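Hi everyone, thanks for coming. I have one structure to walk you through today, so let me put it on the screen.

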Amino acid sequence: MTPPPKVSIRDLSMRFPTDGSHIEVLSSIDLEVKDGELVCILGPSGCGKSTLLNVVGGFLKATGGAVLIDGREVAGPDPRRIFVFQERGVFPWLTVEGNVGFGLFRLAAGERAERIAHYVKLVGLSGFENAYPQELSGGMKQRLEVARALAVNPDVLFLDEPFGALDSITRLVMRSELLRIRRAEKKTILFVTHDIDESVQLADRVVVMSTRPATIRRIVDIDMPHPRDLSAPRYIELRDMLFEEIGLAHKI
Amino acid sequence: MRTRSDVERFLLPLGTAALAIVVWSLAVRLTHTTVLPSPLKVASALRELAGRGVLWRYVGDSLRRVATGYSLALVLGVPAGLALGWNPALASAFNPVIQMARPISPLAWMPLAILWFGVSEAAPGFLIFLGAFFPIVVASMNGVRSVPAMYLQAGRNFGLSTPRLLARVVFPAALPQILVGLRIALGIAWLVVVAAEMIAVDSGLGYLIIDSRNAGKRYDLVVAGMLLIGAIGLVLDLFARRLERLRTVRWGFQGETA
């Protein structure tokens, strides 16, 4: 018997009113995500994939269809499902410790301190506990935001182009960090990106979106074990397949 | 380099001040003017004030009035601004009134202030309150309105109730802008106290200036009072600027750095 899906998106559609008319952003999206799965939602900029993530996260209400998590309809944001932002959403007025502990206000001081220490270490920010975000590099801020999300022990993470603002080397480091963290903390992850390589490196499955109104064009299984060899024939084959699916020639 | 920044921070402004005094002194001596006292005369006027024991009393009175009116503006203005920034309906209701009251100089309230409070401590306190209140309200309101939606979304995501969200996200995110408003308001309060003391009371630096002119045309005392006002204003501003360097708000006073 297959276990029930963690996230289940059913015939989802989203339209935004504009003066007199409306823009259809999402159209009849159906997707099921298994518990512990890392699914990349891949699509061109502005296709509506961020909107999809905001709907699944409970920050936007869809105009049609439904999102179910653990079989229950999503009614709003929930600390069991944390959204990690495209722009860095760490709080600049709090230290590293303050940020990691932000969502832990219901815990007793001792347990809180323990969790903070654990997650600061997990994301490799030991020694920076009392630093403020403006004293950190872009990659460190992104780690901090991931630590803040993980500290509340959510079972789903939504990542909206989290590494988009980082330089290409830091981005590669952050991807392997994410995979390392994922081995330590089994979470269901929905990861929005417009970077084809990123999706092939990270995902169990890649959901390819069309341009607006966004529909699912294809779902590709990335049947490669981790760590993935970026020059393996299968990697290149999958990447080329996605390039073609997105409609891009892969020669420059 | 440390020495260079020390030169720029202290020696350059001191040099400019010294030069200004020299120019002032020479100008008075060469023109034999009687409409402006020389720096030496002003210095001896300051000594005279200190000797009569009124210098510190007047300074203390002015500062106390500012402290009273300003504290009241702070305690009422920040919460009012936060509420207006958070609640658009409240802002729609009150904004026209605020925008109309704001351009009325606090000094225009003088006749009513004297009618209501008489020649007393309360009259200048009220005027200072009015002068400081509106900039504080407007800065707090704008501070709340410009809190990035991302911070609010993150706060909600972690399960914060509205009061918690206000205390732990909205207020700290708006604090840099609030501090700017507080500094501007402090400058205005210091402007208003001098003017208010010229009319409504019989002590303080404003009173010193108007009384020195009326009783004996002592322009050396007038200029001495002016310099005191300037110097204390400078110190107040330096103090307010120090607040902007606190670690929890410093992020708001630097250009966006990655």
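I'll take the two chains in turn, then their contact, then some helix packing, and finish on a single residue. Please keep in mind throughout that this is a predicted model.

Let's start with chain A. Its secondary structure comes to 7 helices and 10 strands. The radius of gyration of chain A is 19 Å, and the globule rule gives 18 Å for 252 residues, so chain A is as compact as a globular protein of that length. If you draw a box around its C-alpha atoms along the principal axes, you get roughly 50 × 45 × 45 Å. As for burial, 41% of the 252 residues of chain A count as buried. And if you take the contacts in chain A between residues at least 6 apart in sequence, 69% of them join residues at least 24 apart.

Now on to chain B. How many helices and strands are there in chain B? There are 10 helices and 0 strands, and reading along the sequence you simply go α-α-α-α-α-α-α-α-α-α. The box for the C-alpha atoms of chain B, again along the principal axes, is roughly 75 × 60 × 30 Å. Of its 258 residues, 35% count as buried. Among contacts in chain B with a separation of 6 or more, 73% come from residues 24 or more positions apart.

How do the two chains meet? The contact takes 17 residues from chain A and 17 residues from chain B. On the chain A side, those residues divide into 12 nonpolar, 4 polar and 1 charged.

Next, helix packing inside chain B. A quick reminder: two packed helices are described by the angle between their axes and the distance between the axes. I'd like you to follow helix α3 of chain B, residues 55-86, through two pairings.

The first partner is helix α8 of chain B, residues 162-199. Here the axes are 8 Å apart and the angle is about 145°. The crossing of α3(B) past α8(B) is right-handed. If you want to find this contact on the screen, look on the α3(B) side for residues including Val66(B), Gly69(B), Tyr70(B) and Trp86(B). Across from them in α8(B) you'll find, among others, Leu166(B), Phe171(B), Trp190(B) and Glu197(B). The residues of this contact divide into 17 nonpolar, 2 polar and 2 charged.

The second partner is helix α6 of chain B, residues 122-145. What is the crossing angle this time? The axes of α3(B) and α6(B) cross at roughly 30° and come within 6 Å. Angles under 35 degrees count as roughly parallel, which is why α3(B) is described as roughly parallel to α6(B). This crossing, of α3(B) and α6(B), is right-handed. By class, the contact of α3(B) with α6(B) has 23 nonpolar, 9 polar and 2 charged residues.

Last stop: back to chain A for one residue, Leu60(A), in the loop between α1 (49-56) and β4 (64-69). Is Leu60(A) buried, exposed or partly exposed? Leu60(A) has 16 C-beta neighbours inside 10 Å, so it counts as partly exposed. Leaving aside residues up to four places away in sequence, Leu60(A) touches Thr51(A), Asn54(A) and Val55(A). And if you look from Leu60(A) to Ala75(A), 15 residues apart along the chain, their C-alpha atoms are separated by 9.5 Å.

That's my tour, and I'm happy to go back to any part of it.

Notes: Residues numbered from 1 in each chain as written. Chains lettered and ligands numbered in written order. Predicted model: local features only at pLDDT ≥ 70, side-chain atom pairs only at ≥ 80, totals over all residues. Axes fitted to C-alpha atoms, helices over the stretch in contact; angles between N-to-C directions. Helix = DSSP H or I, 4+ residues; strand = E, 2+ residues; numbered from the N terminus. Left-handed = near helix turned anticlockwise from the far one by under 90°. Contact = placed C-beta atoms within 7 Å. Nonpolar A, V, L, I, M, F, W, Y, C, P; charged D, E, K, R; others polar. Parallel < 35°, antiparallel > 145°, perpendicular 65-115°, else oblique. Rg over C-alpha atoms; globule rule 2.2 N^0.38 Å. Buried ≥ 20, exposed ≤ 12 C-beta atoms within 10 Å, placed from the backbone.
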